[in-house]
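Hi everyone, thanks for having me. Please bring up the model on your screens, and we will walk through it together.

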Amino acid sequence: MVGIKIDGSKTRIKSFNSSELEAYIASPVSAEKRNTQAVLLLHGFPSQDLQAANVGSGMSELANQICERLVCPVVSIRFQGCGSSTGNFSLRTWVEDVNFALIYMSEELGSGNIWVCGFGTGGAVGIVAAVNSEHVAGVVSIGSPADFDDWASNPDQLLIYSREVGAIKDSEYPQDLDLWKAELREVRAVESAEYLPPKNLLVMHGSEDETVPHFDARLIADSHGQADLRFISGGGHKLRQDPRAIAVLIGWLKRQQVRVGTTSIL
């Protein structure tokens, strides 16, 4: 189905605390029937090199690519504090961003089986959000940490860093600092993965990832019990830019699509 026409559009999604998320929707327009399956893409945490204003900006290209190959809608969001999304970063807020995006896809796009695909922190919060979502068919975590204990061990430094990279813009945020810090230990992909089945899980990691140890990938996969664990030989943390990783991602999604079956609306 390569070469189908893609309709790409930007929108805003209401999220937690009345914040708005910048979102991009890639939809196939040449299919005779509209596929109710869909994919949600989640970016990682900003860095000094890729600050909050720009992190996730390239997801629209990946959304178009997946949409073309799977012939289904693909939505990418920018978490609170990133891009033009309002709000500020906290782990629990990002989990809620995923929940609100899933509700939007179900109610506004008519999406049924949704695959949540996240990179880095996006993959971790995606697993956590997917556990209790009836809309999710499966999850892909790419280069994701099993937990955020490293951040929790020095929360004050993380708060400073989050301001430096632009993920926290409001000087008075967070109003409840203790709660903000507590979330760093409460949001744990490794524990949530245990409760994810029967939803399928693909865990992908670069063998030379210097940001997140590849042992985290094994922990998440083992916790799930039936996960598909893939290591990209020589790959680093930025697997979004590795064509081998994208090929594995799209191939896995296509197999999941066949397994679940294509539900369409005339």
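Helix α8, residues 214–224, lies across β8 (200–206) and β9, and α8 runs at about 170° to β8. Let me unpack the words. Helices (H or I, at least four residues) and strands (E, at least two) are DSSP runs, numbered from the N terminus. For the angle, axes are lines fitted to C-alpha atoms, for helices over the stretch in contact, and angles run from 0 to 180 degrees between N-to-C directions. Contact itself means heavy atoms within 4.5 Å.

A word on where this comes from: this is a predicted model, where local features need pLDDT of at least 70 and side-chain atom pairs count only at pLDDT 80 or more, while totals for chains, interfaces and linings use all residues. Residues are numbered from 1 along each chain as its sequence is written, and side-chain values use heavy atoms, with hydrogens and water left out.

Now the sheet. In which order do its eight strands come? The order is β1-β2-β5-β4-β6-β7-β8-β9, in an open sheet with mixed pairing. At the edges sit β1 (6–14) and β9 (228–232), each of which pairs on one side only. Averaged over neighbouring strands of this sheet, the turn against each other is 20°, direction ignored. Two strands count as paired if DSSP finds at least two bridges between them. In general, strands of a sheet pair through backbone hydrogen bonds, either parallel or antiparallel. A good example to click on is β4 (residues 38–42) with β5 (residues 74–78), which pair in the parallel sense over four bridges. Take L42: its bridge partner in β5 is I77. Helix α1, residues 59–70, packs on the sheet and touches β1, β2 (20–28), β4, β5 and β6 (114–119). The direction of α1 makes about 30° with that of β2.

Next, please find helix α5, residues 155–164. Which of its residues are buried? They are P155, L158, L159 and S162. Looking down the axis of α5, these buried residues fall within an arc of 100°, so they line one face of the helix. That arc is taken from the directions from the helix axis to the C-beta atoms. Here is the background: an α-helix has 3.6 residues a turn, so residues three or four places apart point the same way. Buried, by the way, means under 20% relative accessible area, exposed over 50%, and partly exposed in between (1.4 Å probe, protein chains only). The cover over the buried residues of α5 includes α4 (149–152) and α6 (177–186). Just after α5 comes G166, with a positive phi of about 90°.

On to the aromatic rings. Rings of Phe, Tyr and Trp (its six-membered ring) pair if their centres lie within 6.5 Å; planes under 30 degrees apart count as stacked, over 60 as edge-to-face and the rest as tilted. How many aromatic pairs does a search of the whole structure find? It finds nine. One of them is F45 with W151, a tilted pair at 5.0 Å centre to centre with 55° between the planes. F45 lies in the loop between β4 and α1 and W151 in helix α4, so this pair ties together parts that are 106 residues apart in sequence. F45 is buried, at a relative accessible area of 16%, whereas W151 is partly exposed at 22%. Then there is F79 with W94, a stacked pair: 4.2 Å centre to centre, 10° between the planes. F79 and W94 are both buried. These four rings belong to one aromatic cluster, made up of F45, F79, F89, W94, F148, W151, Y161 and W180.

Last topic: charges. The structure holds 10 salt bridges, each being a side-chain nitrogen of Lys or Arg within 4 Å of a carboxyl oxygen of Asp or Glu. In one of them, the side chains of R78 and E22 meet at 3.0 Å, N to O. R78 lies in strand β5 and E22 in strand β2, so the pair ties together parts that are 56 residues apart in sequence. R78 is buried, and E22 is buried too. E191 and R188 also meet through their side chains, at 3.0 Å, N to O. Salt bridges that share partners join D147, D149, R185, R188 and E191 into one network.
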